[in-house]
Amino acid sequence: MASFDKEESFDIDTKVQMSGFLSKRPFGHRSTKWQKRFFIIKEGFILYYPEAEKKAFERSHHFNIHPKGVIPLGGCAVKMLEDPSDKSKFPMIIEHKDFKGTIILASDSREEREVWMKVITNSGRVTWKNAQLGDAMITQLEGQSKRMAEQQQKITAQLQEEASALLAEKGKKEELEKLASELANEKTSIEHQLAKFQEDKEVTEGELKETLESLQQVKHEKENITQSLQSLQDRFMELSQAQELTTAQLEERNHLAKQLEEEKLKLLGQTSSLSETLESIQSAKDKLNEEKKKAEELLFKEAEAKRRIEEEKTVQVMAVREKEELIKLVEQEKAEKERAYLKEKKQRVATEKRLRLAEDSLKRVDKALKDSGIKLDLQIETDVKNLKQFFEEIVEEVRLDAETANHERGAHGTRSVLPQVGGDIRRSG
C-alpha cells in the first residue's frame with residue numbers, strides 16, 4: 001500500500017515525498033509481465049528497490065543509496081493508461097524526450113494512481129533552469145516582503161495617531177454632554193422661578209381689583225391705572241414663556257416685582273385716604289408710566305437674551321449630533337482597517353511560508369544534482385514555463401497584497417479630513 005495520504009507534504013519521519021508499492025514492466029523491451037517493486041520519490045527522482053526493502057526503510061527511516069534503478073523526473077510528463085486485459089492494474093506512463101523507450105508503472109487502485117501521478121507531476125517541475133529562476137524570484141520576493149513590512153509599520157503608526165484623535169474627540173463629547181446636563185438643570189430652576197412669579201402675579205391682580213373698586217370716584221384715573229396694570233399683566237405672560245434666563249436677569253425681575261409691590265401699597269394708601277388731591281394721583285400715574293417703560297426695556301432685553309440663547313442651543317445641538325455621526329464613521333473606518341490589516345497579515349504569512357518551502361525545495365534539488373553527479377544537458381521548454389507560471393502566480397499575489405495596502409493608505413488620506421469637520425463646526429458655532 002502506497003503512502004498516498006501525504007501527497008504534497010514531506011514525510012516527517014523519512015523526508016521523502018512518496019513511498020509505496022508499484023508494479024513495473026521491464027524497461028527497454030515490450031512485455032506484459034508486471035514486476036512488483038518498492039518505489040520512493042525523493043527530490044525530483046523516483047527510486048525503486050526489491051519488495052523486501054520496504055521493511056528496512058520503515059525500520060530505519062533511511063533509504064538505501066543503492067537502488068535497483070533511478071529515474072530522473074525533471075521535465076517528465078505522466079499520463080494514464082488503460083489495460084483492458086488486466087482490470088486489477090491501473091497503469092500510467094512516464095515520458096521524456098531524452099528517454100529511450102517508455103516507463104510504465106501501475107498501482108492497485110485508481111485512487112493510488114491519481115496520487116502517484118500528482119506527486120510525479122509536481123516532482124517533474126524541478127529542473128536546473130527552474131532552480132535558477134526560483135532563486136531570482138525568491139530574492140525579488142524577499143525585497144518585496146521587506147517593503148511590505150515597512151509599509152505595515154507606517155500603517156500601524158497612522159492607526160495609532162487616529163486612535164489618539166478619537167480619544168480627544170471622545171473627551172470633547174463628554175464635556176458637551178456635561179454642559180447640556182447643566183443647561184437642563186438651569187432650565188428646570190428657571191421654570192420653578194417663573195411658576196412662583198405667576199402665583200405672585202395672581203395675588204397682585206386680586207389686590208389691584210379691590211383697589212380699583214374703591215376708586216370709583218376717580219373713574220378716569222382708574223381706567224388709566226387699569227390699562228397700565230393690563231399692560232404689565234401682558235408682559236408677565238410673556239415672561240412666563242421665557243425658559244433660558246440667567247441668574248442676573250432673575251434678580252432684575254425680582255427687583256421689578258418689589259417696585260410693583262410698592263406701587264400696590266401706594267394704591268392701598270390712596271384707597272384709605274380719598275381726600276388726597278388729583279395732583280397726587282397724577283404723580284402716582286407718572287411714576288407708574290416710568291415703571292412701565294423700565295419694564296418694557298427689561299422685557300426687550302430679556303427677549304433678545306432668550307433669542308441668543310436659543311440660537312446658541314441650536315448650534316450646540318447640531319454640533320453634538322454631527323460629532324456623534326463623525327465618531328461613528330471613524331469607528332467604522334477603524335474596524336475596516338483592522339480587518340484589512342489582519343487579512344493582509346494572513347496573506348503575507350502564507351506567502352512567506354510558500355516562499356520558504358520553495359526555497360528549501362530548490363536548495364535540496366540543487367544539492368541532490370551536485371551529489372548525484374548527473375548533468376542534464378537538455379531541458380523541456382514547457383516545464384520551464386510551468387515553473388515560471390508557478391512563481392508568477394506568487395508574485396501576482398504579493399503585488400495584489402501591495403496594491404491593497406496602497407489602496408488602504410489612499411483611503412486614509414480621505415478619512416484624515418474628517419477630524420477637520422469637527423473643528424469647522426466648532427468655529428462656526
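The legends below describe close-up views of a predicted model.

**View 1. The protein chain as a whole.** The protein chain contains eight helices and seven strands. Of its 429 residues, 35% are buried. Among the contacts in the protein chain with a separation of 6 or more, 64% are between residues 24 or more positions apart.

**View 2. The seven-stranded sheet and its edges.** Seven strands form an open sheet in the order 4-3-2-1-7-6-5, and their pairing is antiparallel. Strand 4 (69-72) and strand 5 (77-80) are the edge strands, each of them pairing on one side only. From one strand to the next, the twist averages 35 degrees. Helix 1 (residues 53-60) packs on this sheet, where it touches strand 1 (18-24), strand 2 (35-42) and strand 3, and the direction of the helix makes about 30 degrees with that of strand 2.

**View 3. Pairing at the two ends of the strand order.** Strand 3 (residues 45-49) and strand 4 run antiparallel and are joined by four bridges, and within this pair Leu-47 stands opposite Val-70 in strand 4. Strand 5 and strand 6 are likewise paired in the antiparallel sense, over four bridges, with Met-80 standing opposite Met-92 in strand 6. Strand 6 also pairs with strand 7 in the antiparallel sense, over five bridges, and here Ile-94 has Ile-103 in strand 7 as its bridge partner. Five of the six residues of strand 6 are buried, which leaves this strand mostly covered.

**View 4. Glu-43 in the loop between strand 2 and strand 3.** Glu-43 is found in the loop that lies between strand 2 and strand 3, and although this residue is not a glycine, it has a positive phi of about 50 degrees. Because its relative accessible area is 7%, Glu-43 counts as buried. The side chain of Glu-43 meets that of Lys-42 in a salt bridge (3.6 Å, N to O), and Lys-42 is buried as well.

**View 5. Arg-37, a buried charge in strand 2.** Arg-37 lies in strand 2 and is buried, yet this residue has no salt bridge. The nearest side chain of opposite charge belongs to Glu-51 and is 5.5 Å away, whereas a salt bridge would require the nitrogen and a carboxyl oxygen to be within 4 Å. Leaving aside neighbours within four places in sequence, the residues in contact with Arg-37 include Phe-21, Leu-22, Tyr-48, Tyr-49 and Pro-50. Two lysines, Lys-24 and Lys-68, are also among the contacts of Arg-37.

**View 6. Helix 2 and what covers it.** Helix 2 (residues 110-123) has 14 residues, which at 1.5 Å a residue should span 20 Å, and its end C-alpha atoms are indeed 20 Å apart. The buried residues of helix 2 include Val-115, Trp-116, Met-117, Val-119 and Ile-120, and the charged residues Glu-112 and Arg-113 are buried too. The elements that cover the buried residues of this helix include strand 1, strand 2, strand 5, strand 6 (90-95) and strand 7 (103-107).

**View 7. Salt bridges within a helix and between strands.** Nine salt bridges are counted in the model. One of these joins Lys-54 to Glu-58, with the closest N and O atoms 2.2 Å apart; both residues lie in helix 1, four residues apart, or about one turn of the helix. Lys-54 counts as buried at 17% relative accessibility, while Glu-58, at 43%, counts as partly exposed. Another salt bridge links Glu-95 with Lys-79, whose closest N and O atoms are 3.4 Å apart. Since Glu-95 lies in strand 6 and Lys-79 in strand 5, this pair ties together parts that are 16 residues apart in sequence. Glu-95 is partly exposed, with a relative accessible area of 30%, and Lys-79 is also partly exposed, at 44% relative accessibility. Elsewhere, Glu-304, Arg-307 and Glu-311 are joined into one network by salt bridges that share partners.

**View 8. Thr-351 and its surroundings.** Thr-351 is found in helix 6 (residues 278-372) and counts as buried at 9% relative accessibility. The C-alpha atoms of Thr-351 and Ser-145 are separated by 9.2 Å, although these residues are 206 residues apart along the chain. Glu-397, in helix 7 (residues 381-415), is 46 residues from Thr-351 in sequence and 8.0 Å from it in space, C-alpha to C-alpha. Not counting residues up to four places away in sequence, Glu-397 touches Thr-351 and Arg-354, and Glu-397 is partly exposed, with a relative accessible area of 33%.

Technical notes
Residues are numbered from 1 along each chain as its sequence is written. This is a predicted model: local features need pLDDT of at least 70, side-chain atom pairs count only at pLDDT 80 or more; totals for chains, interfaces and linings use all residues. Side-chain values use heavy atoms; hydrogens and water are left out. Two strands pair if DSSP finds at least two bridges between them. Axes are lines fitted to C-alpha atoms, for helices over the stretch in contact, and angles run from 0 to 180 degrees between N-to-C directions. Contact means heavy atoms within 4.5 Å. Buried means under 20% relative accessible area, exposed over 50%, partly exposed in between (1.4 Å probe, protein chains only). The expected span of a helix is 1.5 Å times one less than its number of residues. Lys and Arg count as positive and Asp and Glu as negative; His and the chain ends are not counted.
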